[in-house]
Amino acid sequence: MRISYRNIKRYKEIIRILIKYGFSYIVEKLNIEGVAYKIPITNPSEEIKQMSTGEKIRRAFEELGPTYVKLGQILSTRKDLLDQDIIDELSLLRDSVEPFDTDIAKEIFKEEIGLDIEKVFNEFNPTPIGAASIGQVYEAKLQNGEDVIIKIQRPNIESRIKSDLEILKGMVLAFKDGNKDSSIDVIQIIEEFQTQLMRELDYNFEAINAMKFRRMFENSSEVYIPKIYGEFTTKKVLVMEKIIGVKLNDTKKIKELNWDTKVISDIGIKSLFKQVFEYGFFHADPHPGNIFVVSQNTISYIDFGMVGIVDRNTLNALNEIAVALVEKNVDRVIYILTEMDVINNEVDIIGLRQDLLYLIHYYYDVPIEKINISDIMNEVFRFFRRYKVSIPSQLSTLAKAVITLEGTGRDLNPNFSVASIGKEFMRHYYINKFNPQNAFLKSKHAAEEMILDIKTIPKQMRGILRNIEKNNVKLQLEDVKFTSLEEIMRDLTTQISLSLVLASIIVGSSLIISSPNINNNIWIRFTALSGFFISFIIGILIVVKIIRIQYKKK
């Protein structure tokens, strides 16, 4: 693997950490020139040897810093790629880093806003209330007395992350070159990760997301979204209304306030399905630290850096799959998955069908209050990994959000079950299905697609006919196995070649023997006899070859 020498120090640090946690085989496989061979391969400590693979990966990511912590957090949503034990460990990754100096934070604020922090805020608490891998959070009061929180990005964090991304891309390309048969599209994963991380480096992106959620729930009394102060928000600074409430997982405090935990858990589930079904835009990291309970009937989301998007076609496909599962129609499920282009030609359809049928029958008659969504999702993703079914990342993110909310719902309400989610799902499904406005839009879209097809098909046909007329049509066949035909052609070519050589030698030797000078020179006689001897050997080889071919056919 070739490296960029401006990042040589970081390469050495990454290799040292990989070796420390027992991943030296990755270093050897990547073969990082000029670096790897200079760092001695050592055995991990006994403490590290006792760790599970998932814990080793988590610890390594934590030591590697912000880029890898974020990568781990994103990978923790990809149940279609990783086993559950690794997912569980990566889910523990949280931004936990040393705070940077507040004076530096003030300088960054002034560079971005153009004003001293004391001139913008009536009160400012210099002690950060949170230090994350990308930014630091402070409390303050505006001149009008409103409580706000301020996010200020770490100094030089963007250049550090871009450097890490460059190294990571090189490592991934080297991994792909050495594992061409791998079913995981590592390049696509890293590209998605890069897009997500670069968005998190721009607080304007989070501000826009927050404003979208605020409009989404502007008429709701059950969900409150904090206000964004756009005049004080830039790429490196974000000022948001401070939410005063109780964290969603602080059930003890919620009960002390005599708030109904069942009502609160139901609000959380309803808010998620509203985001998904009505807007196709949802909070992708709804862990308890990002949701506050602000009153007995109201919750509030914070931290809008990670969002998920589900397009209308995917939602329709999910609805159809849900109905097909209820009807135990496995063939319909596989057909929809094929239409979604998540099943390729190499998938063992028969095996997938049997596993899916078993899964449906296993859970179908189980009392709904005993069903755990996490168990179902884990089982589904397990055999999806087994059959190399490539689930879109948006669905993996949605599954993670549902599982997270289900876990929190069970903490709030011990009687919480998948029935709550199922009922809410079906309610939104039928509301959207029979909503006259949605039905009109579907009919309109279908008509537009039909008109577009009518317009484009004649043009496409003219293009095809033009190419045929110019003899520009090329037939490309990929992954089609013609093994038997190849062997037959190879054997036939070998026999013809040997036969031509045999005939040439026999003719040549015969002409030499018939020469009148053969008795005058011993070397001419020797050449003729050698030719006949070689012809004899080649003849035997041809016979052996024919016998072997006949034997193989049997």
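This is a short walk through one predicted model, from its strands to its helices and then its cores.

Okay, let's start with the strands. Find S3, residues 135-142, and S4, residues 147-153. These two pair in the antiparallel sense, over seven bridges. If you want one pair to look at, alanine 140 stands opposite valine 148 in S4. The two strands make a hairpin with four residues between them, and glycine 145 there takes a positive phi, near 90°.

How much of S4 is covered? Mostly, it is: six of its seven residues are buried. S4 also runs antiparallel to S6, and five bridges join those two. Isoleucine 152 has valine 237 in S6 as its bridge partner.

Just ahead of S6 there's a residue I'd like to stop at, threonine 233. It's in the loop between strand S5, residues 223-224, and strand S6, residues 237-241. So is threonine 233 buried or exposed? It's buried, because its relative accessible area is 11%, and the cut-off for buried is under 20%. What does its side chain reach? The backbone oxygen of tyrosine 229, at 2.9 Å. A polar atom of that threonine 233 side chain also lies 3.4 Å from the backbone nitrogen of valine 239. Leaving out residues up to four places away in sequence, threonine 233 touches Ile113, Tyr203, Asn204, Ala207, Ile228, Leu238 and Val239.

Some of those names take us to helix H11, residues 203-216. Tyr203 and Ala207 are among the buried residues of H11, and so are Phe205, Glu206, Asn209, Ala210, Phe213 and Met216. At the start of H11, a side-chain oxygen of aspartate 202 comes to within 3.0 Å of the backbone nitrogen of asparagine 204. The helix has 14 residues and spans 20 Å from first C-alpha to last, close to the 20 Å expected.

Now back to S5, because it has one side without a neighbour in its sheet. What's the order of that sheet? S5-S10-S9-S7: an open sheet of four strands, with mixed pairing. S5 and S7, residues 246-247, stand at the edges with a single partner strand each, so each has one side left without a neighbour in the sheet. In between, S9, residues 291-295, and S10, residues 298-301, run antiparallel and are joined by four bridges. Serine 295 is opposite threonine 298 in S10. Lying across S5, S9 and S10 is helix H13, residues 261-279, which runs at about 50° to S10.

One more helix: H4, residues 53-64, has twelve residues and a reach of 16 Å, close to the expected 16 Å. Its buried residues include Ile57, Ala60, Phe61 and Leu64, but also Glu55, Lys56 and Arg58. After H4 comes glycine 65, with a positive phi near 105°.

Last stop, the cores. In soluble globular proteins, nonpolar side chains tend to be buried together. Which residues touch the most other members of the largest nonpolar core here? Phe61, Phe213, Ile264, Phe282 and Ile299, out of 76 residues. Separate from that core is another one, of 24 residues, including Ile321, Val333, Val380 and Phe383. As for phenylalanine 282, its contacts beyond four places in sequence include Phe213, Leu272, Val276, Val307, Ile309, Leu398 and Ala401. Gln275, Gln394 and Thr397 are also among the residues it touches.

That's the tour, thanks.

Note on methods. Residues are numbered from 1 along each chain as its sequence is written. This is a predicted model: local features need pLDDT of at least 70, side-chain atom pairs count only at pLDDT 80 or more; totals for chains, interfaces and linings use all residues. Side-chain values use heavy atoms; hydrogens and water are left out. A nonpolar core is a set of buried Ala, Val, Leu, Ile, Met, Phe, Trp, Tyr and Cys residues joined through side-chain atoms within 4.5 Å. Buried means under 20% relative accessible area, exposed over 50%, partly exposed in between (1.4 Å probe, protein chains only). Contact means heavy atoms within 4.5 Å. A polar contact is a pair of N or O atoms within 3.5 Å; within protein, one must be able to donate a hydrogen and the other to accept it, and residues adjacent in sequence count only if both atoms are side-chain atoms. Two strands pair if DSSP finds at least two bridges between them. Axes are lines fitted to C-alpha atoms, for helices over the stretch in contact, and angles run from 0 to 180 degrees between N-to-C directions. The expected span of a helix is 1.5 Å times one less than its number of residues.
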